[in-house]
Amino acid sequence: MVEAFAVASGKGGTGKTTSTLALGMALAEDYDVTVIDADTGMANLLFHAGLDDADVTLHDLLVDERDAAVSDAVYERFGMSVVPCGTSLAAFEAADPGRLRDVVAELAADTDVLLLDSPAALGSKSAVLPVVLADRIVVVLQPTVPSLSDGLKVQEYAHSYGTDTAGVVFNRVRPDENVDKIAEQAGRYFGGQTLASVPESDAVRAARREGKPLLAHAPEDPAADAFREAAARLDVRDGDGRDVAERFKSAVVPERI
Amino acid sequence: MRIPRGELRRSRVVDDAAAVLRAVLDEELTGYVVFEPQDALLLGETTSGVVTFEDGIPVLAYDTEREVGGRDGLEGFAVTGPTRAAVHAVDAAALADAHEVEAFRIPPGEPARVLAGDERLAERTVDAAPAARREEGRDQSAVEAFLADADAIEEIRSEAREEARARASEWGLDDVLADDARDSAAIEPGTDSR
C-alpha cells in the first residue's frame, strides 16, 4: 500500500518543511512513512531533522555515475525514514532531476506513505517534478493573498499532471486571524478538504534551531496538535506499491534542465 | 517620489541581489539602494529601481523608469542576472517623509523574495523587523475580498493551466500531462511560440 503526497505551496515561507515533517511524524503512528526532501535547489529538511552532517543525501543519488545505493541516503529518524537533500549548489547543478523518478520509485516499493517536500517554485522541471510524481498534493497556505494565489497556481500545475488535491493546511495563522471564513471561501477553489488551521508558534522556530521536527520538540504545542489533526483527516488511500513504482518509472522525463 | 540624496557607500555589479540585501541587513543600513539590472541594459532597456531601508529592513520600493511604487514597482526591476547596486546612506529623519507614502511601502521580506527569490533571506528579514512591520502584508479583509472575486480567481487558474501546459512541452513532460490537459493543449495552440 502506498500513496505519495507532494507537500507544496508555490510560495516560500509558508512552513512547508515543518508541515512535511509534522504530517510525517503524525502519520508514522499508523503508517510506515518515508519523507523525501525533493526541494533539491533549496534543501532545508536536513536542518529540521538533525541531519546537517548526513554523509549521503538525495543529491548523491541524482548524479550520473553514482556509487551510492538509495538505502545509503535513508536515515531512520523520529519514527520515519528520512531522505535529506544536500545544500551544495555544485551538487544541485550536477544533479539530474530526472533521476528523482527512479529514486522515488525505489522508495515507494517499500513504504506506506511517501511525503515529498516540494520546492517553493514552479519555474523549472526539477521544481515541478515532485508534483508530477505524486498521487496527490497537500497545499500549505498562509491566509494571505500572495500565498493563496500561489497555492492556486501550484494546484493547477498539479491538476494538469493528473495530481489531485488531498487537502489544504492553513499554516502560521495568527491569533487575530479567523481562518474559518477564509477556509470556507477557499474551499470553493481548492480540492480536498481543509485539513487544519495551524497557529503561528514560537515552538516551530525553536524546533528548527534544535534540529528536531515540531512533533518531537514540542508535542504538546497547539501547532503540533493541529498537525496531528491534519494527518488524521488525510484519508490515505490504499494502493499497490508496485503500480506506483511502475507509474513513476514510466513517467517520461527525458531531458536535463 | 522624492528621496533625499544620500552618501554613496559603494557601487558594484553583483551576481545576485540577495548578496546586497543580506549585507544591508547585516550592517543595518538606513538609506537606499539603487538597483540597475545589467542584462536589461544589454537589451537596450533602461531598468532601475530603488529600495529604501530603515535599520537594514526594506521600507519602500520604486521603479524609477516606470514610476511605479510598492510591490508592482519592485517587480519592474526584478530581472535575473547581474545587477549594479549602489548603496547610499541617508539620515533616518530625512527619509521619514518619503516613508510615509503608503502606496510605495512593501512588506519587509518582499525585496528578498521578488528581487532574489531568496525565501530564507526574506524570513530572516521579517524576523529582524520591528513587531509592527512583521504584521504587514496580512490583511484579512483583503484576503476575503480576493477570494470573493470568482472571476479573478478563475483568471489566475486558467493562466496557470496555460502556463503549465506550455512548460510541459518545454520540459518534455507532455506525455505525463493528464488527458484532459493534453486534449485542451491540442485544441488550443500554444501562445508562446515567439
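Reader: What area is buried between chain A and chain B?
Author: This is a predicted model, where local features need pLDDT of at least 70, side-chain atom pairs count only at pLDDT 80 or more, and totals for chains, interfaces and linings use all residues. Side-chain values use heavy atoms, without hydrogens and water. Buried area is the accessible area (1.4 Å probe) that two parts lose on being put together, summed over both. Carbon and sulfur atoms give 57% of it, and the total is about 3600 Å².

Reader: Which three residues supply the most of the area that chain A buries against chain B?
Author: Their joint share is 18%, more than any other three residues supply. They are A:Glu156, A:Tyr161 and A:Tyr189.

Reader: Which residue forms a salt bridge with A:Glu156?
Author: A salt bridge puts a side-chain nitrogen of Lys or Arg within 4 Å of a carboxyl oxygen of Asp or Glu. The count between chain A and chain B is four. In this one, the closest N and O atoms are 3.0 Å apart. The partner of A:Glu156 is B:Arg161.

Reader: How many residues does chain B bring to the contact?
Author: Contact means heavy atoms within 4.5 Å. Chain A brings 47 residues. Chain B brings 38 residues.

Reader: How many residues are in the largest nonpolar core?
Author: Such a core joins buried (under 20% relative accessible area, 1.4 Å probe, protein chains only) Ala, Val, Leu, Ile, Met, Phe, Trp, Tyr and Cys residues through side-chain atoms within 4.5 Å. A:Tyr161, A:Phe170 and B:Leu147 are among the members that touch the most others. The core holds 100 residues.

Terms used. Residues are numbered from 1 along each chain as its sequence is written. Chains are lettered from A and ligands numbered from 1 in the order in which they are written. Buried means under 20% relative accessible area, exposed over 50%, partly exposed in between (1.4 Å probe, protein chains only).
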